[in-house]
Amino acid sequence: MSRHLRIRTERELPSCLWQWILLSRRAEFCRRADSSEGKREKVMESTGEAYPKDMKKLSDTPTASALRWSLLGRFISSRKPVLEAENDLNKVSRRPGGRFNVIQCSPVLEEATTANPEEQTQNRREVVARYTLPSDPNVVLTLRQRKDSGIDLSDFINSQKYDIDSTGLVCMWPAEEIMTYYCISRPELFRNKRVIELGSGYGLAGLAIAACSEASEVLLTDGNPHVVEYIQKNITANNELFGDTKVRTCTLHWSRHQAAMPGLNFDVVIAADCTFFKDFHLDLAYSIKSLLGTADGCQAILFNPRRGHSLDRFVRAAQSVELDVEIQEHYDSRIWNLHEGFVRNEPGSEWPNYDEDHCYPLLLSITHQQLRSATRALDD
């Protein structure tokens with residue numbers, strides 16, 4: 001990219017578009033839907049089948065994929081604002097518009113402390129938030145993270161350059177909030193255990209476990225080095241809450257070709273909303289297999305929405321590397337009641353674009369196949 005184009009696009013493309021670009025890889029369900037619609041249209045044309053009266057011919061309505069490319073092209077090729085951008089963005093983005101609110105969050109107002117223009121720009125992109133943990137209201141985590149409008153062109157460039165996922169910078173995803181609530185409500189699962197979190201984002205779940213469960217060690221990982229920088233800042237900011245628990249972070253890339261951390265095993269592996277990229281399913285499954293210990297009680301705990309067929313495909317990938325997967329839909333009464341309220345759009349339960357397929361995380365419990373088989377044999 002030339003310097004002229006880089007400066008021009010940085011100035012003219014709004015931050016919401018960069019959020020959309022980074023999130024577009026999450027939207028494989030749209031590409032599958034586009035493909036299915038195209039096949040259906042061809043069949044109807046070849047057979048002479050009439051289109052339903054209440055439905056436009058599919059080719060008359062732009063697909064989600066077409067909207068993405070059209071939106072990007074209009075922004076890059078024109079210096080004038082595009083008024084319909086927000087409407088098109090709403091059609092192609094599945095970024096959640098709500099929260100379960102089981103972890104209370106409030107912003108921290110900061111005074112400017114630097115005269116450096118670059119640091120001032122960085123500070124304008126960030127917010128410090130306090131998360132009050134329901135298991136102990138006296139435990140309050142302070143996390144530095146990006147504002148919803150804090151994604152910019154440099155994040156997209158780094159994502160493309162290093163083939164990494166930058167969606168951890170976008171927001172705190174619902175699955176992360178639910179996983180945090182679930183884990184701190186069950187501290188016995190982590191007490192005296194070695195825990196690793198994959199795709200940690202800003203680290204809410206891992207840091208909450210370190211603060212509430214008396215785990216022996218918590219390692220927070222992410223494939224994006226910029227995200228890991230945020231995690232390290234958040235570890236430092238909350239260090240006094242961790243007691244004797246050893247907390248650290250590092251960059252970790254999932255791979256099917258080599259062990260994630262040769263010689264290192266963990267009692268518990270956790271991850272939230274990490275199964276949406278189908279190209280990474282096998283890499284994630286292999287990484288879980290190599291990191292997860294084989295002792296009795298070792299398990300991986302994942303929270304993920306179905307996202308079309310994405311979750312089912314990951315389950316098949318995990319089974320192909322000799323991992324056992326159990327899926328639970330109703331795993332916590334409070335979360336389930338909130339979910340049903342959102343689905344029915346009950347008063348006081350407003351979540352405008354709530355979609356069960358993309359917003360409600362299912363619980364996956366993963367173990368080595370031989371371990372679960374041995375446990376079942378003992379039970380019998």
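In this predicted model, Arg248 pairs up with Glu217 in a salt bridge, with 2.9 Å between the closest N and O atoms. Arg248 sits in strand E6 (residues 246–251) and Glu217 in strand E5, so this pair ties together parts of the chain that are 31 residues apart in sequence. Arg248 has a relative accessibility of 29% and therefore counts as partly exposed, since that class runs from 20% to 50%. Glu217, at 7%, counts as buried.

Glu217 has another partner in Arg194: here too a salt bridge forms, and the closest N and O atoms are 2.9 Å apart. This one also links distant parts of the chain, with Arg194 in strand E4 and Glu217 in strand E5 (residues 217–222), 23 residues apart. At 23% relative accessibility, Arg194 falls in the partly exposed class. Put the two pairs side by side and a small picture emerges: Arg248 and Glu217 form a salt bridge, Arg194 and Glu217 form a salt bridge, and the shared partner joins Arg194, Glu217 and Arg248 into one network.

Elsewhere, Asp332 and Arg186 bring their side chains together in a salt bridge, at 3.2 Å from N to O. Asp332 belongs to the loop between strand E9 (323–328) and helix H13 (333–344), while Arg186 belongs to the loop between helix H8 (174–184) and strand E4 (194–198), so the contact ties together parts 146 residues apart in sequence. Both Asp332 and Arg186 are buried. Counted by the 4 Å rule for a side-chain nitrogen of Lys or Arg and a carboxyl oxygen of Asp or Glu, the salt bridges come to ten.

His368 is worth a look of its own. This residue lies in strand E10 (residues 362–368) and has a relative accessibility of just 4%, so His368 counts as buried, the cut-off being 20%. The His368 side chain reaches the backbone oxygen of Leu292 at 2.8 Å, a distance within the 3.5 Å allowed for a polar contact. Leaving aside residues up to four places away in sequence, His368 touches Lys289, Leu292, Gly293 and Thr294, along with Glu322, Leu323 and Asp324. Leu292 thus turns up in both descriptions: its backbone oxygen is reached by the His368 side chain, and Leu292 is also among the residues that His368 touches.

How values were computed. Residues numbered from 1 in each chain as written. Predicted model: local features only at pLDDT ≥ 70, side-chain atom pairs only at ≥ 80, totals over all residues. Heavy atoms only, no water. Helix = DSSP H or I, 4+ residues; strand = E, 2+ residues; numbered from the N terminus. Buried < 20%, exposed > 50% of the residue type's maximum accessible area, 1.4 Å probe, protein only. Polar contact = N/O pair within 3.5 Å; in protein donor to acceptor, adjacent residues only side chain to side chain. Contact = heavy atoms within 4.5 Å.
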